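Please look over the sequence and the model below before reading on. The paragraphs that follow lead from one part to the next and are best read with the structure in view.

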Amino acid sequence: MGNEMTLDRVYKASYVLNDVVRTTNLLPAPKIKPGVELYLKTENLQVTGSFKVRGAYFKISQLSDEEKARGVVACSAGNHAQGVALGAKKNNIKAVICLPDGAPISKVEATRSYGAEICLVPGVYDDAYNKALQLRDEMGYTFIHPFNDPDVIAGQGTIGLELAKQIPNMDAVIVPIGGGGLIAGVAYTLKSLNPNIKIYGVQAAGAASMYESIRQNQILTLPSVKTIADGIAVKQPGDLTFDLISKYVDEIATVSDDEISAAILKVMEKHKLVAEGAGAVAVAAVMFDKFDLKGKKVVCLLSGGNIDVTILSRVISRGLMTSGRRSKFSIEVADKPGELSKVTSIIAKQGANIISSLHERSNGSSITGCNIRVTLETRDFDHVESIQNALQKAGYNIVKETNNA
């Protein structure tokens with residue numbers, strides 16, 4: 001079929017994927033942002049926990065019999081690996097997945113559980129990528145690229161077809177961007193069906209390769225990437241995806257790790273859904289006003305839910321901090337009996353819960369004074385402010401702490 005994108009290719013992918021992937025639910029999400037009619041496309045509930053299975057499976061299904069006989073190789077630390085492994089298993093072909101040796105054990109084991117052969121490579125993602133290309137050349141495997149491939153892009157575009165059926169009158173769709181395969185497929189498909197739909201892309205601020213490339217109108221390679229959203233931590237976008245995004249995507253914004261953490265927390269608490277960092281960036285963009293969406297009917301694509309539980313617990317405490325649900329500060333008090341109980345009774349009257357308190361004498365501010373460091377459970381930032389005002393009214397001085405979990 002060559003390299004060109006066509007709607008036929010997306011419809012063909014949809015037909016092939018019909019009995020392999022789930023048509024994921026579109027859920028109304030009224031609690032995320034007042035004034036926006038928001039919906040969540042729950043690809044975090046897809047087979048393998050991510051949309052990646054769509055593109056990987058369709059690509060594998062289109063290989064010739066000869067290519068299938070030789071097997072496939074891929075490189076991924078996560079969702080793409082699981083998609084390729086599942087696709088290979090269902091097509092009865094061999095799959096080798098190259099992973100950096102530092103990849104989380106849970107992801108390595110998940111990939112192995114779908115029946116792929118694992119090749120752990122010393123170093124980082126780029127080393128694993130080079131090893132995958134070496135195996136392709138030596139063994140004759142077909143390399144399944146995570147995003148820069150027309151069949152992979154068409155597979156991801158099937159989400160666009162589902163959305164067009166589920167919510168034909170949508171105003172905008174917000175999509176995470178790593179290498180760009182997902183947004184390229186969704187944007188191409190939806191704009192072909194209805195050019196008036198706005199397509200917005202979101203990258204993590206610590207891995208803004210496509211954002212910078214589009215801004216400078218050339219493909220750039222970042223020296224390094226650092227973000228909680230490991231699923232979209234891509235140093236260099238693809239040329240196919242860059243071209244499609246240049247043409248079909250209206251705007252791209254970035255979100256910080258704190259904003260992503262707050263979004264993971266909000267989606268979990270308000271809608272009982274687990275999203276990984278990469279899966280939550282679209283919601284983060286809505287929560288923190290990255291696009292003009294007032295009064296619009298908007299879909300956020302929750303692209304995946306494969307988050308390590310250890311990271312999840314850190315995200316929760318970070319998210320509590322950034323949404324004012326947990327607060328840390330110090331209170332300067334006179335070093336005399338009864339001061340601690342006065343402070344705690346003021347906090348209690350304000351309806352906050354003290355998680356921990358630390359009484360420190362050696363703070364250096366005054367010989368006769370000391371600090372009480374408190375960590376509180378609070379409702380929001382207004383609540384924190386009212387507690388601090390009440391303490392100041394009672395004659396106490398507040399020393400603010402940095403907001404790290």
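How many of the ten residues of helix H2 (residues 52-61) are buried? The model, it should be said at the start, is a predicted one. Ten of the ten residues of H2 are buried, so this helix is largely enclosed by the rest of the structure. The residues concerned are Lys52, Val53, Arg54, Gly55, Ala56, Tyr57, Phe58, Lys59, Ile60 and Ser61. The elements that cover them include helix H1 (7-17), helix H3 (65-70), strand S3 (72-75), helix H4 (79-90) and H7.

With that helix located, the chain as a whole can be described. Its secondary structure comes to 15 helices and 14 strands, and its C-alpha trace spans about 85 × 50 × 40 Å along the principal axes. Of the 405 residues of the chain, 54% count as buried, while the chain exposes about 17700 Å², of which carbon and sulfur atoms supply 49%. Among the contacts in the chain with a separation of 6 or more, 72% are made by residues 24 or more positions apart.

A second covered helix is H12 (residues 277-287), in which eleven of the eleven residues are buried. These are Gly277, Ala278, Gly279, Ala280, Val281, Ala282, Val283, Ala284, Ala285, Val286 and Met287. The cover over the buried residues of H12 includes strand S2 (37-42), strand S7 (172-176), strand S8 (198-204), strand S9 (251-255) and strand S10 (297-302), together with helix H11 (257-271). After H12 comes Asp289, whose phi is positive, near 55°.

Helix H11, one of the elements that cover H12, contains Glu259. Is Glu259 buried or exposed? Glu259 counts as buried, because its relative accessibility is 16% and the limit for a buried residue is under 20%. Once its neighbours within four places in sequence are set aside, Glu259 is in contact with Thr254, Ala284, Phe288 and Lys290; of these, Ala284 is one of the buried residues of H12.

Two pairs of helices show how such elements pack against each other. The first pair is helix H7 (residues 150-166) and helix H8 (residues 181-193), whose axes lie 7 Å apart and which pack at an angle of about 45°. H7 and H8 are therefore oblique to each other, and H7 passes H8 in a right-handed crossing. On the H7 side, Ile153, Gln156, Gly157, Ile159, Gly160, Leu161, Leu163 and Ala164 take part, and they meet Gly181, Leu182, Ala184, Gly185, Val186, Thr189, Leu190 and Leu193 in H8. By class, the residues of this contact of H7 with H8 divide into ten nonpolar, six polar and no charged.

The second pair is helix H14 (residues 339-349) and helix H15 (residues 381-393), whose axes come within 9 Å and cross at roughly 140°. H14 and H15 are therefore oblique to each other, and their crossing is right-handed. Here Val343, Ile346 and Ile347 in H14 meet Ile387, Ala390 and Leu391 in H15, and the contact of H14 with H15 has six nonpolar, no polar and no charged residues.

The loops offer a further point to examine, namely the backbone angle phi. Most residues other than glycine have a negative phi. Thr48, in the loop between S2 and H2, has a positive phi of about 70° although it is not a glycine. Asn217, in the loop between helix H9 (209-216) and helix H10 (239-248), likewise has a positive phi, near 60°, in a residue other than glycine. As for their surroundings, Thr48 is buried, with a relative accessible area of 8%, whereas Asn217, at 59% relative accessibility, counts as exposed.

One last residue stands between these two conditions. Ser106 is found in helix H5 (residues 105-113) and, at 42% relative accessibility, counts as partly exposed. From Ser106 to Gly319 there are 213 residues in sequence, and the C-alpha atoms of Ser106 and Gly319 are 23 Å apart in space.

Methods:
Residues numbered from 1 in each chain as written. Predicted model: local features only at pLDDT ≥ 70, side-chain atom pairs only at ≥ 80, totals over all residues. Heavy atoms only, no water. Axes fitted to C-alpha atoms, helices over the stretch in contact; angles between N-to-C directions. Helix = DSSP H or I, 4+ residues; strand = E, 2+ residues; numbered from the N terminus. Parallel < 35°, antiparallel > 145°, perpendicular 65-115°, else oblique. Left-handed = near helix turned anticlockwise from the far one by under 90°. Contact = heavy atoms within 4.5 Å. Nonpolar A, V, L, I, M, F, W, Y, C, P; charged D, E, K, R; others polar. Buried < 20%, exposed > 50% of the residue type's maximum accessible area, 1.4 Å probe, protein only. Areas by Shrake-Rupley, 256 points an atom, 1.4 Å probe, with all protein chains shown as cover.
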